[in-house]
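This report describes a two-chain model chain by chain, then the contact between the chains. Please read it with the sequence and the structure at hand.

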Amino acid sequence: MKRSAPLSARSIAMFGLLTAIALVLGYIESFIPITQGIPGVKLGLSNTVLLYALYVSGSAAGAWLLMVLKVVLSGLLYAGVQAMIYSFAGGILSLLVMMLIKRVPGVSIVGVSICGAVAHNVGQIVAASLVVTLPALVLLRYFGILLVCALVTGLLTGIVAKSVFKALAAGGVLKSDPTVSPAKKKKEAQKSASGQADAAEEKAPQSARPADLPKKESDPS
Amino acid sequence: MKEFFKRKDALIIGIIVLMVAVIAAVILVIGTSGGTKAHLAIYVGDVLYREVELGEERTVTVNQGQGVINKVHVTRDGFYMESSSCDNQDCVHQGEVTLDNYEDRVLMNWIVCLPNQVTLELVVDDGAEEPPIEEVEDGTAEE
């Protein structure tokens, strides 16, 4: 039986850092009131960290662990233990949906983020409806408002995540932008290489001897 | 902008916009029945805890023990959550429910405190004969 490889120190450190960032972002967004009084509406900034875990590490187990740690620790630190039920329900559905949608070709990280935000709200509503009884019309209206908010916040967090990946790839922290498909990367690399070749050809002087012609005896080189 | 979006993102956004439009249409069509008399129903979980007549201004306390407390302020034509022991205070920020505004509110005739599982409903009377409602003076519960 094949033994699974132990976690590297780098992986442990990375997930520790991601957990800390998710907790801080969750705490900060609690001070940004998008809408006063509507339960469950928030920016979802910590979702950018989950997106990072999904796209960069590619580890499903890591993403799940990150989500559970974020929900439990945020509940204990600032959100309140009672809120954990709703956060868990939303977190589980959101991560599941994001992992599924990510596999669909033609969907960008922004699309994945929007689906994750919508799923998060659906999970919260399902958990809330199991705890308190609200009439169908009120739930429907509440869900409509949450859908609009999820669309906006999902769009925002997706754009933020994409911008972060671009910047990290440009800065050399990441080898490449993980949201760009391999085919597109190859195309861009070829484009950049042919562009460099064209530029070199333009700079080359007129009298230069082509490399394949034999040298003359009087040629000093 | 092209680098942020792909073709199927437009489909996803379109589906969500369609869902919102359908929900809005359903709500507009079904609507609510207006009424001129109402009373407050307090639920803890899904169990009816108390029914309170509107009118005289007073505070009703729902004390579930272990520090879980909600205070409801009843007014002449509505109510609001005066204070709550919950962490997020969303219920306090949901404002007042009255006969005049309940159709325009997000949660309509409800105020919801999810962490404490307390919900308040403005029950609009449709004019049928109702049994007399228990008058609550200070509303402290025995649990």
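The text below covers the overall make-up, the strands of chain B, a few single residues and the interface. The model is predicted.

**Overall make-up**

Chain A contains 7 helices and 0 strands, and its order along the sequence is α-α-α-α-α-α-α. Chain B has 2 helices and 8 strands, arranged along the sequence as α-β-β-β-β-β-α-β-β-β. Of the 221 residues in chain A, 33% are buried; in chain B, which has 143 residues, 30% count as buried.

The share of contacts that bridge long stretches of sequence can be given for each chain. In chain A, 67% of the contacts between residues at least 6 apart in sequence join residues at least 24 apart. In chain B, residues 24 or more positions apart account for 43% of the contacts with a separation of 6 or more.

Chain B is divided into two domains: domain 1 spans 1–31 and domain 2 spans 37–125. Their C-alpha centres lie 33 Å apart. Helix H1 of chain B covers residues 7–30, and Ala10(B) lies in this helix. Is Ala10(B) buried or exposed? Ala10(B) has 11 C-beta neighbours inside 10 Å, so this residue counts as exposed. The C-alpha atoms of Ala10(B) and Val22(B) are separated by 18 Å, with the two residues 12 positions apart along the chain.

**Strands of chain B**

An open sheet in chain B is built from 4 strands in the order E2-E1-E8-E7, with antiparallel pairing. Which strands stand at the edges? They are E2 (47–53) and E7 (110–113) of chain B; each has a single partner strand, so one side of each is left without a neighbour in the sheet. On average, neighbouring strands of this sheet are turned by 20° against each other, direction ignored.

Further strands of chain B pair as well. E4(B) and E5(B) form a hairpin with 3 residues between them. The table lists three strand pairings of chain B, each with one pair of facing residues.

| Strand pair | Sense | Bridges | Facing residues |
|---|---|---|---|
| E7(B) and E8(B) | antiparallel | 4 bridges | Cys113(B) and Val118(B) |
| E4(B) and E5(B) | antiparallel | 5 bridges | His73(B) and Tyr80(B) |
| E5(B) and E6(B) | antiparallel | 3 bridges | Phe79(B) and Val97(B) |

By residue number, E8(B) covers 118–125, E5(B) covers 78–84 and E6(B) covers 96–98. In a regular strand, side chains alternate between the two faces of the sheet.

**Two loop residues with positive phi**

Gln66(B) lies in the loop between strand E3 (58–63) and strand E4 (69–74) of chain B. Its phi is near 55°, a positive value in a residue other than glycine. Gln117(B) is found in the loop between E7 and E8 of chain B, and its phi is near 60°, again a positive value in a residue other than glycine.

How do the surroundings of these residues count, buried or exposed? Gln66(B) has 8 C-beta neighbours inside 10 Å and therefore counts as exposed. Gln117(B) has 21 C-beta neighbours inside 10 Å and therefore counts as buried. The cut-offs are 12 or fewer for exposed and 20 or more for buried.

**The contact between the chains**

How many residues does each chain bring to the contact? Chain A brings 36 residues and chain B brings 35 residues. On the side of chain A that touches chain B, helix H5 (109–131) and helix H6 (136–170) of chain A each supply at least two residues. H6(A) gives the most to this side, with 13 residues. The residues of this side of chain A divide into 25 nonpolar, 9 polar and 2 charged.

H5(A) can be described further. This helix has 23 residues and reaches 33 Å from its first C-alpha to its last, close to the 33 Å expected at 1.5 Å a residue. Of the 23 residues of H5(A), 17 are buried, so the helix is largely enclosed by the rest of the structure.

Key: Residues numbered from 1 in each chain as written. Chains lettered and ligands numbered in written order. Predicted model: local features only at pLDDT ≥ 70, side-chain atom pairs only at ≥ 80, totals over all residues. Domains from an automatic or database assignment. Pairing = 2+ DSSP bridges. Axes fitted to C-alpha atoms, helices over the stretch in contact; angles between N-to-C directions. Contact = placed C-beta atoms within 7 Å. Nonpolar A, V, L, I, M, F, W, Y, C, P; charged D, E, K, R; others polar. Expected span 1.5 Å × (residues − 1).
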